[in-house]
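Let's walk through a protein structure together, one step at a time. Keep the sequence and the 3D view side by side as you read.

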Amino acid sequence: MVEKEEKPKRMKAEYRSSIRSKVMIKEALLSLMLEKPFDKITITDIVTRADINRGTFYAHYDNTSDVLKSISTSVMEEISSAFRSRNNSDVLWNPREYLKQISDFFLMDPVRFARLVGTDKISEVLDDARHSAIAKILSDLGDSISESARPQLSVILDYSISGICTLYTDILLKKIPVTLEESADYIANLLSPQRNVVVEVLQQMQK
């Protein structure tokens with residue numbers, strides 16, 4: 001009886017230890033990224049900063065790129081979760097509100113996010129996030145547009161969302177003279193002509 005009770009406790013302790021190790025590894029990498037380029041960071045650097053052994057690292061990740069991808073995926077998941085419970089087709093009519101949420105999210109830790117988007121490893125995660133956003137918008141539109149019209153709208157959305165990703169990347173990396181505080185209004189104004197095209201296309205699709 002005692003053994004049966006001890007096993008779940010042991011499993012819970014191991015699970016908490018695993019989660020803690022992953023957090024320590026991620027935090028170590030983020031800390032190091034503030035000090036030097038990602039491609040100069042080694043596994044030795046990470047385990048030393050996290051104060052763990054290499055075996056613990058390899059129990060969770062194969063290499064530094066795996067850690068970065070895990071961090072990036074978590075960030076995109078956090079952004080996506082803010083919109084998951086909403087009807088995201090609304091973004092077609094009023095993108096400013098959605099952009100404000102994204103800007104506020106980046107404002108929580110702009111230095112960390114700048115480090116993330118400054119690596120070439122982020123591209124795969126951004127591509128996944130873009131396609132997920134397009135799929136969610138099309139899903140939320142439901143039967144209001146025909147199947148034959150969806151490819152055209154997908155292309156327009158892909159073009160617009162790609163532009164948004166690029167702009168936020170440039171703003172975070174300070175490649176353009178726009179602050180995160182200004183970003184939502186700035187991007188919304190730039191998107192205005194595209195939004196008008198989208199609205200016009202949607203109106204034609206719904207006729």
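Before we start, one term: helices here are DSSP runs of H or I that are at least four residues long, and they are numbered from the N terminus. With that in hand, here is the overall layout. This is a predicted model, and the protein has nine helices and zero strands. Reading along the sequence therefore gives the pattern α-α-α-α-α-α-α-α-α, where each α stands for a helix as just defined. The protein has 207 residues, and 37% of them count as buried.

How high is the average pLDDT of the protein? The average is 82, and 81% of the residues score at least 70. Among the elements, helix α1 (residues 2-33) has the lowest mean pLDDT, at 74, while helix α2 (residues 43-50) has the highest, at 96. Here is a useful habit for any model of this kind: where pLDDT is low, the predicted coordinates should not be read in detail.

Now let's look at some helices one by one, beginning with α5. Helix α5 covers residues 95-107, which makes 13 residues. From its first C-alpha to its last, α5 reaches 18 Å, close to the 18 Å expected at 1.5 Å a residue. Which residues of α5 are buried? They are Pro95, Tyr98, Leu99, Ile102, Ser103, Phe105 and Phe106. These buried residues lie on the same side of α5, because they cover an arc of only 155° around the axis.

Helix α6 (residues 110-117) gives us another case to study. Its buried residues are Phe113, Ala114, Leu116 and Val117. Those residues of α6 sit on the same side of the helix because their arc around the axis is only 160°.

Next comes α7, which runs over residues 122-141 and has 20 residues. Helix α7 reaches 29 Å from its first C-alpha to its last, close to the 28 Å expected at 1.5 Å a residue. Its buried residues are Ile122, Val125, Leu126, Arg130, Ile134, Ile137, Leu138 and Leu141. Right after the helix comes Gly142, whose phi is positive, near 60°.

Several of the residues we have just met come up again around an empty space inside the protein. Rolling a probe the size of a water molecule over the atoms shows where empty space is left. How many cavities of 30 Å³ or more does the count give? The count comes to one. About 50 Å³ of space lies in the largest cavity. Its lining is made up of Ser72, Val75, Met76, Phe106, Phe113, Leu116, Val117 and Ile122. Helix α4 (64-84) and helix α6 each supply at least two residues of this lining. What classes of residue surround the space? Seven of the lining residues are nonpolar and one is polar, with no charged residues.

Let's turn to places where residues separated in the sequence can be compared in space. Ala184 is found in helix α9 (residues 180-206). Is Ala184 buried or exposed? Ala184 is buried, because its relative accessible area of 5% is under the 20% cut-off. Ala184 and Pro95 are 89 residues apart in sequence, and their C-alpha atoms are 8.8 Å apart in space. Pro95, you may recall, is one of the buried residues of α5.

Ser31 lies in helix α1. At 27% relative accessibility, Ser31 counts as partly exposed. Along the chain, Ser31 and Arg112 are 81 residues apart, and 8.7 Å separates their C-alpha atoms. Tyr58, in helix α3, is also counted as partly exposed, at 40% relative accessibility. Tyr58 and Ile43 are 15 residues apart along the chain, with 9.5 Å between their C-alpha atoms.

Finally, take a look at two loop residues. Asp51 is found in the loop between α2 and α3 (54-58). Although Asp51 is not a glycine, it has a positive phi of about 60°. Asp51 counts as exposed because its relative accessibility is 68%, and the cut-off is over 50%. Lys174 is found in the loop between α8 (150-172) and α9. The phi of Lys174 is near 60°, a positive value in a residue other than glycine. Lys174 is exposed, with a relative accessible area of 75%.

Conventions
Residues are numbered from 1 along each chain as its sequence is written. This is a predicted model: local features need pLDDT of at least 70, side-chain atom pairs count only at pLDDT 80 or more; totals for chains, interfaces and linings use all residues. Side-chain values use heavy atoms; hydrogens and water are left out. The expected span of a helix is 1.5 Å times one less than its number of residues. Buried means under 20% relative accessible area, exposed over 50%, partly exposed in between (1.4 Å probe, protein chains only). The arc is that of the directions from the helix axis to the C-beta atoms. On a 1 Å grid over the protein atoms alone, a cavity is a set of points where a 1.4 Å probe fits but cannot get out, and a pocket is an open set with protein on both sides within 12 Å along at least five of seven lines; lining residues have an atom within 4 Å of a point. Grid points are joined across faces, edges and corners, and a volume is the space filled by probe spheres set on the points. Ala, Val, Leu, Ile, Met, Phe, Trp, Tyr, Cys and Pro count as nonpolar, Asp, Glu, Lys and Arg as charged, and the others, Gly among them, as polar. pLDDT is the predictor's confidence in each residue, from 0 to 100.
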